Amino acid sequence: MNTVREVFGSMVFGDEVMRERLPRETYLALRRTIREGRSLGRENQALADVVASAMKDWAVEKGATHYTHWFQPMTGITAEKHESFLAPTGEGAAILEFSGKELIRGEPDASSFPSGGLRATFEARGYTAWDPTSYAFIKDDTLCIPTAFCSYGGEALDKKTPLLRSMEALSRQAVRVLRLFGDQTTQRVSTSVGVEQEYFLVDERLYDRRPDLKYTGRTLFGAKAPKGQELDDHYFGALKARVKGFMEELNTELWKLGVYAKTEHNEVAPSQHELAPIYTTANIAADHNQLTMETMKKVARRHGFVCLLHEKPYAGVNGSGKHNNWSLRTDGGQNLLDPGDTPRENAQFLLFLCAVIKGVDDYQDLLRASVATAGNDHRLGASEAPPSILSIFLGDELTAVLQAIERGERYDGGGRGELKVGVHVLPRIPLDNTDRNRTSPFAFTGNKFEFRMPGSALSISGPNTILNAIVTESLAQFADELEGAEDFDQALAELLARTVKEHRRILFSGNGYSDDWVEEAQRRGLANLPSAADAIPCFLREKNISLLAKHKIYSEVELRSRVDILLENYAKVLSIEAQTMLEMARRDILPAVSRYTGQLCAAVSAKRAVSPALSCRCEEKIIDRLAALSGCFAEAVDTLEEALLETKNCADLEACARHCREKVFPAMQKLRAVTDEMETLTAADCWPYPSYGQLLFSE
């Protein structure tokens with residue numbers, strides 16, 4: 001434990017380091033800035049100069065030679081442009097310098113990142129601005145300063161800026177609501193997030209022999225192995241030595257960076273694992289998750305593995321998600337989604353709970369669109385991943401409480417009478433009062449909501465921005481109604497009952513995988529957006545543009561840019577996968593099958609040369625089937641190629657995405673089905689790629 005305490009945060013310019021190295025006045029001023037969630041502008045130049053000097057000295061002592069403004073462009077990963085601390089003295093020598101101006105703001109240009117039309121080539125200047133609420137850290141001998149990234153005109157070009165905006169908007173509305181309950185001390189409410197990160201490990205020697213894994217992150221071909229996850233013998237099983245070594249180093253590296261890595265275990269599928277951190281503020285959780293994914297990939301290579309973060313690297317076994325556990329917390333430490341002990345606390349809890357229910361119901365399409373990617377399309381709807389239809393699971397007791405509120409009846413777990421909100425005490429709701437529903441996209445789990453739809457490779461900034469936004473709108477509407485009420489308790493009771501009645505359709509406790517639920521959801525009027533091509537355009541529905549613009553989270557032009565980026569990315573991913581399939585099919589698979597068929601034909605000829613009476617039934621049966629499959633294979637290759645060529649004729653990005661989903665993807669599935677059967681009939685030493693059995697059991 002002493003080692004962990006020494007290691008944790010050792011590469012972070014955190015609060016303890018700042019308190020030690022900054023003058024007291026500077027430290028207190030910076031802490032106020034962080035606590036209030038503000039950025040440092042040019043008017044704070046003197047303060048920034050002191051912080052920058054201390055930060056540079058600390059980093060150099062730790063071995064850093066460069067600094068970078070570390071940001072999160074709309075690629076979904078991180079970016080960094082390194083600058084050394086060296087500054088010439090004019091006498092053929094150099095000194096180490098780092099100014100407050102360089103700390104606060106950078107100009108990386110970074111014009112080649114996707115902008116969705118926000119920047120043209122002739123106006124490509126981009127700026128980074130320090131986010132002091134997320135601590136600087138040292139990675140690979142470079143001081144990394146978490147920053148926002150915006151255009152010359154001020155438009156957000158990254159994923160951090162909208163998240164910070166959404167957090168600020170939610171805090172304003174939540175504080176309004178708290179004032180109605182007599183809370184005069186809370187100044188800020190923040191979203192607290194804990195992200196469960198699932199991933200696969202594969203031996204890098206096998207990975208290097210799979211072009212599909214290298215180009216796309218998933219296997220485009222692969223016959224099912226004789227054994228997969230059927231016996232449930234991998235889940236929570238004992239860690240293998242090499243995997244244990246990887247996890248130990250991963251923990252150490254993450255702890256150095258201040259990432260609260262806590263839980264690790266084997267997941268359901270062979271070679272699948274999970275890492276979960278302790279909860280922290282949403283923007284820091286997003287930064288930490290980006291660092292976690294990057295560190296996983298680096299450390300895996302040092303142990304002879306490759307870390308696969310694709311949502312569905314293997315067909316027929318569990319995919320990988322990123323369960324987003326979300327709650328609301330005051331600056332005094334109160335969890336607003338934790339049922340209380342007094343009537344007032346419970347009334348407050350119910351209002352915030354109903355705000356979430358209303359937000360999810362009103363903006364199902366927006367929340368679904370926030371997790372829409374080509375990779376996640378493969379995962380949603382099976383193997384413990386939730387379906388693409390949004391619903392909320394509350395558990396039996398809390399559902400019964402809301403039903404009683406809707407009817408205006410008192411609920412005490414047994415007897416019933418008239419309910420008076422703010423007078424009667426709800427029964428204490430245990431954290432584990434009911435079974436968990438693994439098919440639910442959005443489940444209440446005691447004092448938080450678990451949003452299970454995000455895929456493993458996704459930046460959590462996007463879904464948390466939208467989640468914050470939709471709850472912000474609910475709270476704003478609630479505050480508008482209650483602030484003018486003559487009888488607050490009566491108005492609150494009516495508001496809660498009306499909200500439950502109007503939005504109970506989103507509450508569902510059953511099996512989300514069943515066909516009956518699809519039909520029931522349709523009767524309820526819930527949105528069913530099965531693919532990213534269906535979901536992404538929903539960002540541009542009038543109500544969604546209005547919501548995000550109203551709370552200054554995205555301007556309309558910023559939102560349209562993101563839709564263009566997402567649609568283009570979706571089409572490009574499927575096009576790359578299709579081209580990879582065609583290359584593998586023509587250059588490797590067809591020659592391998594032809595070679596093996598030739599060997600079988602030669603064996604038949606050799607047998608008959610010895611004696612016409614020798615049986616060739618086994619060889620001939622395989623030859624006949626491979627010949628028939630080869631014909632289907634050729635047809636499937638032609639169909640896929642034609643579908644891919646037709647993408648050039650699409651009128652716009654949305655049409656291209658839909659064409660890829662409706663034409664290219666089915667052609668890929670057809671080619672895969674034929675090829676996977678070919679694999680089962682071809683000798684292992686002739687097949688050009690490692691099998692599923694080798695890949696899944698390579699640890």
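How many bridges join S14 to strand S19, and in which sense do the two strands run? The legends below take up this point and others in a predicted model.

**View 1. Strand S14 between its pairing partners S9 and S19.** Strand S14, which covers residues 322–330, is joined to strand S19, residues 449–451, by 3 bridges, and these two strands run antiparallel. Within this pairing, Asn325 has Glu450 in S19 as its bridge partner. Strand S14 also pairs with S9, again in the antiparallel sense, and here the pairing extends over 9 bridges, with Thr191 standing opposite Leu328 in S14. Strand S14 is mostly covered, since 8 of its 9 residues are buried.

**View 2. Strand S11 paired with S9 and with S10.** Strand S11, residues 272–277, is mostly covered, with 5 of its 6 residues buried. To strand S9, residues 189–203, strand S11 is joined by 4 bridges in an antiparallel arrangement, and Glu198 is found opposite Glu274 in S11. With strand S10, residues 261–266, strand S11 pairs over 5 bridges, also in the antiparallel sense, and in this pairing Asn266 stands opposite His273 in S11. The strands S10 and S11 form a hairpin in which 5 residues lie between them, and Ser271 in the turn has a positive phi of about 65°. When following the strands in this view, it helps to recall that in a regular strand the side chains alternate between the two faces of the sheet.

**View 3. The surroundings of His265 in strand S10.** His265 has a relative accessible area of 11%, which is under the 20% limit, and therefore counts as buried. Apart from its neighbours within four places in sequence, His265 is in contact with Tyr235, Phe236, Met247, His273 and Glu274. Of these contacts, Phe236 is placed in the loop between helix H8 (211–216) and helix H9 (241–256). Phe236 has a positive phi of about 60°, although this residue is not a glycine, and at 54% relative accessibility Phe236 counts as exposed.

**View 4. The packing of helix H3 against helix H4.** Two packed helices are described by the angle between their axes and the distance between the axes. The axes of H3 (residues 24–35) and H4 (residues 45–61) come within 10 Å and cross at roughly 105°, so the two helices are roughly perpendicular to each other. Where they meet, Thr26, Ala29 and Leu30 belong to H3, while Leu47, Val50 and Val51 belong to H4. Sorted by class, this contact has 5 nonpolar residues, 1 polar residue and no charged residues.

**View 5. Asp287 in helix H10.** Asp287 lies in a helix that covers residues 282–302 and is buried, with a relative accessible area of 2%. Leaving aside its neighbours within four places in sequence, Asp287 is in contact with Trp70, Gln72, Ser134, Pro146 and Lys160.

**View 6. Helix H15, residues 461–483, along its length.** At 1.5 Å a residue, the 23 residues of H15 should span 33 Å, and because the C-alpha atoms at its ends are 32 Å apart, the model agrees with this expectation. Of these 23 residues 19 are buried, so helix H15 is largely enclosed by the rest of the structure.

**View 7. Lys552 in the loop between helices H19 and H20.** The loop that holds Lys552 connects H19 (542–550) with H20 (556–610). Lys552 has a positive phi of about 55° although this residue is not a glycine, and Lys552 is exposed, with a relative accessible area of 64%.

Terms used:
Residues numbered from 1 in each chain as written. Predicted model: local features only at pLDDT ≥ 70, side-chain atom pairs only at ≥ 80, totals over all residues. Heavy atoms only, no water. Axes fitted to C-alpha atoms, helices over the stretch in contact; angles between N-to-C directions. Parallel < 35°, antiparallel > 145°, perpendicular 65-115°, else oblique. Contact = heavy atoms within 4.5 Å. Nonpolar A, V, L, I, M, F, W, Y, C, P; charged D, E, K, R; others polar. Expected span 1.5 Å × (residues − 1). Buried < 20%, exposed > 50% of the residue type's maximum accessible area, 1.4 Å probe, protein only. Pairing = 2+ DSSP bridges.
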